[in-house]
Amino acid sequence: MIGTLDRMLFGAYLRSYAIVLSCLLSLYIVVDLFMNLDDFSSRGGGLLAVVKHIGSYYGYRVSQIFDKLAEPITLMAAVFTVSWMQRNNELLPQLSAGIPTRRVLRPVLAGAALTLSLGPLNSEFVIPRIADQLMAPRNDPEMSRAVVVSGTYDGNGVHFEGTAGYRNERRIWKFFATFPESSPSGMVHLVAEDAVYYAPGERAGSAAGGWLLTRATPETFDGPLPTSLEALGPGRYFLKTQDVDFDKMTRGGTWYIYASTPKLQEMLSRPEPRRLSPVAVLFHMRITRPVCGALLVLLGLAVILRDQTRHVFISAGLCIVVAVLFYASGMLCKYLGEHDLISPPLAAWLPVLIYGPISVAYFDAMHT
């Protein structure tokens with residue numbers, strides 16, 4: 001049954017969470033802004049244009065910043081709520097009335113569970129939708145500058161390369177496509193001065209996605225065309241692709257951090273010539289993230305309440321030390337997994353295996 005004290009404590013937790021969230025996000029944005037102010041002001045256009053650009057840039061970045069700080073914010077909110085109860089001597093009367101500590105903390109734990117769910121929801125549904133804006137540099141919000149193009153293979157065995165890409169036009173300059181020997185025309189090297197990507201259904205007369213090639217050589221084929229290639233005229237072709245779109249050719253080496261968990265699973269299920277250990281580690285860490293967040297909160301509250309005669313600030317300092325050790329262990333396991341020193345599943349679950357028993361034991365040993 002939910003009582004008045006439960007509602008008061010739950011509301012106190014939500015207020016603490018809102019305060020910590022706004023303070024940390026504001027601090028992060030202010031520090032980052034002053035460190036990179038030249039990148040914003042170098043675009044010109046007057047004060048109004050610069051302010052608008054800053055607002056747009058950090059409007060998208062808030063989601064990414066929150067993704068990094070979701071669990072620490074929840075921990076700090078829970079710790080501040082309980083510490084404030086201790087400081088105002090609100091916990092001792094309830095314990096004297098025979099109410100167990102774990103029962104008193106139930107509203108805080110319920111609030112922590114609610115706010116911990118915001119991190120995975122943000123990474124699954126918000127960040128993938130704004131990935132293009134998150135990858136845009138500070139000094140190029142229109143994404144009109146050239147970006148590096150990486151080589152990749154399509155599902156039908158065609159190899160793609162390029163010299164430079166332009167995100168605002170989805171265009172690649174100096175586009176190279178090499179068809180395998182198994183194609184009807186044999187091994188063929190196709191070079192186009194410009195290649196523009198069209199998503200499935202965007203180009204009239206074609207439901208498939210692919211590249212519109214212009215000023216291409218060879219201009220014509222004497223024999224049969226490759227299966228995925230459609231001739232539109234001398235030096236003009238439409239090249240249909242299964243997997244290779246503009247993003248796949250221009251995204252950086254860490255693009256996968258913006259992908260959703262089903263997308264990561266889809267990537268891992270494909271045969272890829274590249275090493276996918278970082279992707280596998282991230283996939284398994286997405287699964288263990290709620291568990292790690294819950295363990296961190298339990299461990300932090302156990303440190304605060306294990307010795308209630310200890311000064312509040314000393315307990316808060318110990319809690320911060322424990323949180324730092326927790327995240328340092330997680331980063332070490334991630335590094336070992338990404339460099340194939342341990343398996344990706346073990347890299348993700350090892351912090352749970354280490355801190356799980358400790359958190360449960362400390363929480364169970366709290367003074368009741």
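Student: In this predicted model, how many disulfides does the count come to?

Tutor: A disulfide calls for a pair of cysteine sulfur atoms within 2.5 Å. The sulfur nearest to that of C23 belongs to C319 and is 17 Å away, and C23 is in no disulfide. C333 is likewise in no disulfide, since its nearest cysteine sulfur, that of C292, is 9.3 Å away, well outside a limit of 2.5 Å. By this rule the count comes to zero.

Student: Is C333 buried or exposed?

Tutor: A residue counts as buried when its relative accessible area is under 20%. The relative accessibility of C333 is 5%, and therefore C333 counts as buried.

Student: Into which class of accessibility does C23 fall?

Tutor: The class between buried and exposed runs from the 20% limit to the 50% limit. C23 has a relative accessibility of 46%, so the class of C23 is partly exposed.

Student: Which element supplies the largest share of the largest nonpolar core?

Tutor: The largest nonpolar core has 41 residues, and those with the most contacts inside it are Y13 and L305. At least two residues of this core come from each of α1 (4-35), α3, α4 (91-96), α6 (106-116), α11, α12 and α13. The largest share, 11 residues, comes from α3.

Student: Which element gives the largest share of the lining of the largest pocket?

Tutor: The largest pocket holds about 940 Å³ of space, and of the 27 residues that line it, D67, L282, M285, M331 and K334 are the closest to its centre. Two or more lining residues come from each of α3 (46-87), α11 (277-306), α12 (312-338) and α13 (344-364). The largest share, eight residues, is given by α11.

Student: How many residues of the lining of the largest pocket are nonpolar?

Tutor: The lining of the largest pocket divides into three groups, of which six residues are polar and seven are charged. The nonpolar residues of this lining number 14.

Student: In which sense do strands β4 and β5 pair, parallel or antiparallel?

Tutor: Strand β4 covers residues 171-179 and strand β5 covers residues 188-198, with eight bridges between them. Among the bridge partners are F179 and V188, and I172 stands opposite A195 in β5. Residue numbers thus rise from I172 to F179 along β4 while the partners run from A195 back to V188, and the sense is antiparallel.

Student: Which residue of β4 is the bridge partner of G165?

Tutor: Strand β3 (residues 159-166) is joined to β4 by seven bridges, and the two strands run antiparallel. The bridge partner of G165 in β4 is I172.

Student: Which residue of β6 stands opposite D194?

Tutor: Strand β6 (residues 210-217) runs antiparallel to β5, and seven bridges join the two strands. The residue of β6 that stands opposite D194 is T214.

Student: What value does phi of R170 take in the hairpin of β3 and β4?

Tutor: R170 lies in the loop between β3 and β4, and the hairpin of these strands has four residues between them. R170 is partly exposed, with a relative accessible area of 30%. Although R170 is not a glycine, its phi is positive, at about 50°.

Student: Is R215, a residue with positive phi, buried or exposed?

Tutor: R215 lies in strand β6, and its phi is near 50°, a positive value in a residue other than glycine. Exposed residues are those with a relative accessible area over 50%. The relative accessible area of R215 is 54%, and therefore R215 is exposed.

Student: Which residue does a cis peptide bond join to T217?

Tutor: The peptide bond in question has an omega of about 0°. The partner of T217 has its place in the loop between β6 and β7 (229-233). That partner is P218.

Student: What distance separates the C-alpha atoms of V303 and G317?

Tutor: V303 has its place in helix α11 and is buried, with a relative accessible area of 9%. V303 and G317 are 14 residues apart along the chain, and their C-alpha atoms are separated by 9.8 Å.

How values were computed: Residues numbered from 1 in each chain as written. Predicted model: local features only at pLDDT ≥ 70, side-chain atom pairs only at ≥ 80, totals over all residues. Heavy atoms only, no water. 1 Å grid on protein atoms, 1.4 Å probe; cavity = no way out; pocket = protein on both sides within 12 Å on 5 of 7 lines; lining within 4 Å. Points joined across faces, edges and corners; volume = space filled by probe spheres on them. Nonpolar A, V, L, I, M, F, W, Y, C, P; charged D, E, K, R; others polar. Pairing = 2+ DSSP bridges. Buried < 20%, exposed > 50% of the residue type's maximum accessible area, 1.4 Å probe, protein only. Core = buried A, V, L, I, M, F, W, Y, C linked by side-chain atoms within 4.5 Å.
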